Every structure is written in structure tokens, then in C-alpha cells.
Amino acid sequence: MNVLIGLESENIMSIIPLLEQKIETELHAIEYIIKNDSEKHQGHAGYDGSGESHFRMTIRSKAFDGLSRMERQRLVHQGFSEELKHKIHALSLKLLASDE
């Protein structure tokens with residue numbers, strides 16, 4: 001599995017290991033990239049100062065094979081439902097089937 005993680009600040013993000021675990025165990029990702037964009041949103045709505053509020057992810061997974069773009073989004077949002085309710089304000093997703 002190929003994994004890339006982008007941190008935009010000096011802070012160590014405590015939520016990233018949880019996101020990785022869910023991507024690996026629930027989505028069985030072939031590869032993924034997690035990019036923390038939180039620091040770009042200082043002063044904007046939803047920025048809570050934690051440095052863990054805004055993320056971009058690219059995920060390639062067999063779990064997305066045969067699913068529409070909307071179905072892929074729903075699958076990921078279901079898996080991250082607690083994080084989206086309590087920690088993550090914005091989540092930008094690029095979701096790819098295994099052959100894309």
C-alpha cells in the first residue's frame with residue numbers, strides 16, 4: 001500500500017492515525033493521500049484552532065468498484081460520521097476505483 005500524508009503545520013495531528021485506520025480497515029484502500037488544509041482556513045467559519053478541521057483526501061479502493069461518485073462519497077461519509085459531527089468541518093474527497 002502506498003501512503004502519503006501532507007501536514008501543512010508544525011503540529012502533530014492526533015486525528016490522522018484514526019483516519020488512516022478507517023481508510024485501511026473499512027475501505028481497504030490500495031493507496032491514499034491525506035492532506036491537512038486546516039491552517040489555510042484560519043479566521044474562516046469552521047476553523048476551531050485545533051489544526052484538525054479541514055482535510056483533503058484522495059483514496060483508491062476496490063470498495064469503490066462499480067459505485068457511482070455519489071455512492072462513493074456516501075460510503076466515506078458513513079465511515080467518518082463521528083469525525084464529521086465532532087472534529088472535521090470540511091472534507092474534500094477524490095475517490096477512485098481500483099482501476100482508475
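Visitor: What covers the buried residues of helix H2?
Guide: A word on the source: this is a predicted model, where local features need pLDDT of at least 70, side-chain atom pairs count only at pLDDT 80 or more, and totals for chains, interfaces and linings use all residues. Residues are numbered from 1 along each chain as its sequence is written, and side-chain values use heavy atoms, leaving out hydrogens and water. Helices (H or I, at least four residues) and strands (E, at least two) are DSSP runs numbered from the N terminus, while contact means heavy atoms within 4.5 Å. The cover over the buried residues of H2 includes helix H1 (16–26), helix H3 (81–86) and strand E4 (90–97).

Visitor: Why do the buried residues of H2 fall on the same side?
Guide: Buried means under 20% relative accessible area, exposed over 50% and partly exposed in between, with a 1.4 Å probe and protein chains only. In H2, residues 69–79, the buried ones are Arg 72, Gln 73, Val 76 and Gly 79. They share one side of H2 because, taking directions from the helix axis to the C-beta atoms, they cover an arc of only 130 degrees.

Visitor: And which residues are exposed on the other side of H2?
Guide: Turn the helix around from Val 76 and its buried companions. The exposed residues on that other side are Arg 74 and Gln 78.

Visitor: Is Leu 27 buried or exposed?
Guide: Leu 27 sits in the loop between H1 and strand E2 (29–36). Not counting residues up to four places away in sequence, its contacts include Ile 59, Phe 64, Leu 75 and Val 76. Its relative accessibility is 7%, so Leu 27 counts as buried.

Visitor: How far apart in space are Leu 27 and Gly 79?
Guide: Gly 79 is one of the buried residues of H2. In sequence, Leu 27 and Gly 79 are 52 residues apart; in space, C-alpha to C-alpha, the distance is 8.6 Å.

Visitor: How many bridges join E3 to E4?
Guide: Strands pair if DSSP finds at least two bridges between them. E3, residues 54–61, is mostly covered, with 6 of its 8 residues buried. E2 and E3 pair in the antiparallel sense over 7 bridges, and Glu 31 has Arg 60 of E3 as its bridge partner. E3 and E4 run parallel, Ser 61 has Ala 97 of E4 as its bridge partner, and the number of bridges joining E3 to E4 is 8.

Visitor: Which elements give two or more residues to the largest nonpolar core?
Guide: A nonpolar core is a set of buried Ala, Val, Leu, Ile, Met, Phe, Trp, Tyr and Cys residues joined through side-chain atoms within 4.5 Å. Of the 18 residues in the largest one, those touching the most other members are Leu 19, Ile 23, Ile 34, Phe 55, Met 57 and Ile 59. Two or more residues come from each of H1, E2, E3 and E4.

Visitor: What is the relative accessible area of Glu 83?
Guide: Glu 83 belongs to helix H3. Not counting residues up to four places away in sequence, Glu 83 touches Ile 15, Leu 18, Leu 19, Lys 22 and Ile 88. Glu 83 is buried, and its relative accessible area is 7%.

Visitor: To finish, which pattern does the protein follow along the sequence?
Guide: The secondary structure comes to 3 helices and 4 strands, and buried residues make up 38% of the 100 residues. Read along the sequence, the pattern is β-α-β-β-α-α-β.
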